Amino acid sequence: DASGKTVQTSAVARALRTQGIDADWWNHPVPTVCDARTPWSLALFYAAARARLAGGLVADHGRAVLIVDRWWFSTNAAWMGSPGGPLKRSVSDLIDGEQEMLPEPALTVLLTAPGELLDVRLARRGELRSKDVSRVRENYAALARDLRWPVMQTDRSRDVVTHELVAMVLAR
């Protein structure tokens with residue numbers, strides 16, 4: 001959280017469109033208090049949003065390029081290392097189901113910045129979270145290492161980061 005996903009994903013889609021590429025952008029809806037009442041309801045909220053998007057992609061035959069700010073990996077990163085029990089098993093089953101049902105991204109990039117900067121950004125938005133935030137960040141880093149995703153530091157000029165991300169997309 002606070003790595004610049006919304007800023008960068010929307011900027012990449014705009015930049016691609018200015019180059020004449022049929023590109024669209026989708027970001028996760030923001031959950032309400034009711035949606036986020038329990039970890040399970042939050043996981044289901046995000047899964048339902050991704051399922052609606054995937055259904056739309058099938059119905060519309062998709063765009064040439066769709067830039068998405070989060071995918072099922074996000075739920076996975078949030079739950080890796082969480083306490084055991086039935087809830088963990090349920091979320092694990094949900095993640096496995098999403099992985100099987102949702103289209104595989106052609107490119108996944110981990111956007112990040114130094115933890116102190118991310119904490120400042122979260123605090124500015126009134127979203128400073130508990131110590132679990134650092135564990136989620138570590139889980140994302142582990143996913144990126146294991147799945148060999150490129151990692152992009154967003155503590156630089158927005159335009160430079162956007163330009164580098166556009167180059168990655170065009171290379172695919």
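**Aromatic cluster and nonpolar cores**

Trp 72 and Phe 73 are both buried. In this predicted model, the two residues form an aromatic pair of the tilted kind, with a centre-to-centre distance of 4.3 Å and an angle of 40° between the planes. A second pair involves Phe 73 and Trp 149, whose ring centres lie 4.8 Å apart with the planes at 70°, so this pair is edge-to-face. Because Phe 73 belongs to helix H3 whereas Trp 149 is located in the loop between H6 and strand E4 (151-153), the pair ties together parts separated by 76 residues in sequence. Phe 73 and Trp 149 are both buried. Through such ring pairs, Trp 72, Phe 73 and Trp 149 are linked into a cluster. The count of aromatic pairs comes to 3.

The members of this cluster reappear in the largest nonpolar core, which comprises 20 residues; those with the most contacts inside the core are Trp 71, Trp 72, Phe 73 and Trp 149. At least two residues of the core are supplied by each of helix H2 (39-60), helix H3 (72-79), helix H4 (86-101) and helix H6 (132-147). H2 provides the largest share, amounting to 5 residues. Apart from this core lies another, of 13 residues, including Ala 13, Val 65, Met 152 and Val 166. In soluble globular proteins, nonpolar side chains tend to be buried together.

The surroundings of Trp 71 were also examined. When neighbours within four places in sequence are left aside, Trp 71 is in contact with His 28, Arg 50, Leu 53, Leu 102, Pro 103 and Pro 105.

Definitions and conventions
Residues numbered from 1 in each chain as written. Predicted model: local features only at pLDDT ≥ 70, side-chain atom pairs only at ≥ 80, totals over all residues. Heavy atoms only, no water. Core = buried A, V, L, I, M, F, W, Y, C linked by side-chain atoms within 4.5 Å. Buried < 20%, exposed > 50% of the residue type's maximum accessible area, 1.4 Å probe, protein only. Helix = DSSP H or I, 4+ residues; strand = E, 2+ residues; numbered from the N terminus. Contact = heavy atoms within 4.5 Å. Phe/Tyr/Trp six-rings, centres within 6.5 Å; stacked < 30°, edge-to-face > 60°.
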